[in-house]
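Please open the model in your viewer and keep the side chains switched on, with the selection tool at hand. The stops below are meant to be taken in order.

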Amino acid sequence: TVQISQALTEDMNTGSGFTGGAPFAPASGVVLYAGFTINAEQLPSSAGNYFAHFKDSSTGFRAKIFTSRANAAPGYYRIGIANGANIVTGEVASDLATNTTYQIVSRYNVGTGESFVWVNPASSASAGVSATDATSTLTIAQYGLRQDSSVGTLYLDNLKIGTSLDEVVTLLPPVAQTLTTSVINGELI
């Protein structure tokens, strides 16, 4: 488990070769996935900022995962995605609560620069949002985590990098449900 906090300033990038075959050039046709769980202890700022990303072979970050309170109900936050130019192109339309664990999965197409993010995806057809890099595509060699004064306090766990959704999804325990019954005229309903 990694704490990502607005009070800290350390950033971390994985070493080269974070998954078999890295680095991945645009011509490779590889689509990369990153999956992890997050639990926010403290809300981000209204504008928020990115806290996780793929790192290209130059100085850029791709498929930047944002957390912010923009467009969320009071007391909640949302997850969004930005392209390499730092333009947030969308937020997953789900208000997320603090002290609750969520599965976050991102996808980055190394050849096209298209990225996508999901919250608690059941499959690749689940609702999410996309971003496309305005800059040219570059080789991807690392994955990084970033702390910033706008991200709140997040606990990130179970980070997995792979080349398919199945390789990175950690199934969360089912939400508890209550079954109620009634007896009417001697019959169980």
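## A tour of charged pairs and two loop residues

Begin by selecting Arg-107, which has a relative accessible area of 17% and is therefore buried. In this predicted model, add Glu-114 to the selection, and you will find that its side chain and that of Arg-107 form a salt bridge, with 3.3 Å from N to O. Arg-107 and Glu-114 make one of the five salt bridges that the structure holds.

Next, select Arg-78 together with Glu-91, whose side chains form another salt bridge, at 4.0 Å from N to O. The two residues come from distant parts of the chain, since Arg-78 belongs to strand S6 (residues 78-82) and Glu-91 to strand S7 (residues 88-91), with their positions 13 residues apart in the numbering. How accessible is Glu-91, and is this residue buried or exposed? The relative accessibility of Glu-91 is 19%, so it counts as buried, the cut-off for that class being under 20%. Arg-78, with a relative accessibility of 15%, likewise counts as buried.

Keep Arg-78 selected and add Asp-95, because the side chains of Arg-78 and Asp-95 also meet in a salt bridge, here with an N to O distance of 2.7 Å. Asp-95 lies in the loop between S7 and strand S8 (101-109), whereas Arg-78 is in strand S6, so this pair ties together parts of the chain that are 17 residues apart in sequence. Asp-95 has a relative accessible area of 32%, which means that it is partly exposed. With Arg-78, Glu-91 and Asp-95 displayed at once, you have a single network in view, joined by salt bridges that share partners.

For the next stop, leave the charged pairs and select Asn-71, which is placed in the loop between strand S5 (61-68) and S6. Inspect the backbone here, as the phi angle of Asn-71 is near 70 degrees, a positive value in a residue that is not glycine. Asn-71 counts as exposed, its relative accessibility being 59%.

Finally, move to Asn-99, which you will find in the loop between S7 and S8, the loop that also holds Asp-95. Which sign does phi take at Asn-99? The value is positive, near 55 degrees, and Asn-99 is again a residue other than glycine. At 58% relative accessibility, Asn-99 counts as exposed.

How values were computed
Residues numbered from 1 in each chain as written. Predicted model: local features only at pLDDT ≥ 70, side-chain atom pairs only at ≥ 80, totals over all residues. Heavy atoms only, no water. Helix = DSSP H or I, 4+ residues; strand = E, 2+ residues; numbered from the N terminus. Buried < 20%, exposed > 50% of the residue type's maximum accessible area, 1.4 Å probe, protein only.
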